[in-house]
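Me: I have a model open and would like to talk it through. Could you start with the terms, then go on to the details?

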Amino acid sequence: MLDVDIIGQLIPNPLTMVVQLCSTAVLFLLAKKFLWKSVKNWMDARTAKMQADLSDSEKAKQDAFADREKAMGQLNEASGRAKEIVSAAVSEANNERAAILAQAKKEAAGEKQRAHEQIEAERAAMYKGMQKEMVDVALAAAGKLIGQQSGAEMDRQAVDAFVKEADSHAE
């Protein structure tokens, strides 16, 4: 069988351990002597760059907030101006509508008055024509009934009186 020394494998040889510790110390001292300053400078430069990037990003963030606030102010101002413009346009439209309606009412009233005057004039003309026709009919009827002409003037006066009496009853 195999003869394996487990304990010997688990515990290291003291000479090997001392040599490894010495070589590690030499490597550490060489790294400290030749590399430490350059690595430290590189780390400091990296830290400074990160800080600069952070401060730049913070400044950019503040600028963005300032720009946002400015844009919001401009938006609110533009919105206010738009509301004023719309309000003025609505007011102007209402005033113009009122003026147009007033003009239309005035024109309608004028047309109504002219139509009323025309109707009254036509009524008066028709009334006079009807009176003349009535007088002529009455004279013709009276002439046929009486059979004689007693006097044209007297007949005309009698018919006019009759027409006036008929008018007073009609009204």
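Reply: Buried means under 20% relative accessible area, exposed means over 50%, and partly exposed lies in between, with a 1.4 Å probe and protein chains only. This is a predicted model, in which local features need pLDDT of at least 70 and side-chain atom pairs count only at pLDDT 80 or more, while totals for chains, interfaces and linings use all residues. Residues are numbered from 1 along each chain as its sequence is written, and side-chain values use heavy atoms, with hydrogens and water left out.

Me: OK, which pattern does the protein follow along the sequence?
Reply: Read from start to end, the pattern is α-α-α-α, with 4 helices and 0 strands (helices are DSSP runs of H or I with at least four residues, strands are E runs with at least two, and both are numbered from the N terminus). The radius of gyration is 63 Å, well over the 16 Å that the globule rule gives for 171 residues, so the protein is more spread out than a compact globule. That radius is taken over C-alpha atoms, and the rule is 2.2 Å times the number of residues to the power 0.38.

Me: And what does the C-alpha trace span?
Reply: Along the principal axes it spans about 185 × 50 × 20 Å, and 3% of the 171 residues count as buried.

Me: Switching to charges, how many salt bridges are there?
Reply: The count comes to 5, where a salt bridge is a side-chain nitrogen of Lys or Arg within 4 Å of a carboxyl oxygen of Asp or Glu. One of them joins the side chains of Lys49 and Asp53 at 3.2 Å, N to O.

Me: Where do Lys49 and Asp53 sit, and how far apart in sequence?
Reply: Both are in helix α3, 4 residues apart, which means about one helical turn separates them. Lys49 is exposed at 53% relative accessibility, whereas Asp53 is partly exposed at 39%.

Me: What about Arg81 and Glu77?
Reply: Their side chains also meet in a salt bridge, at 3.1 Å, N to O, and they too are 4 residues apart in helix α3. Arg81 is partly exposed at 45%, and Glu77 is partly exposed at 47%.

Me: Last topic: which residues form the nonpolar patch on the surface?
Reply: Val26, Leu30, Phe34, Leu35, Val39, Trp42 and Met43 form it, with about 720 Å² of accessible area together. Helices α2 (14-34) and α3 (36-146) each supply at least two residues of the patch.

Conventions. Patch = residues over 30% accessible without salt bridge, like charges linked within 9 Å, V, L, I, M, F, W, Y side chains within 5 Å. Areas by Shrake-Rupley, 256 points an atom, 1.4 Å probe, with all protein chains shown as cover.
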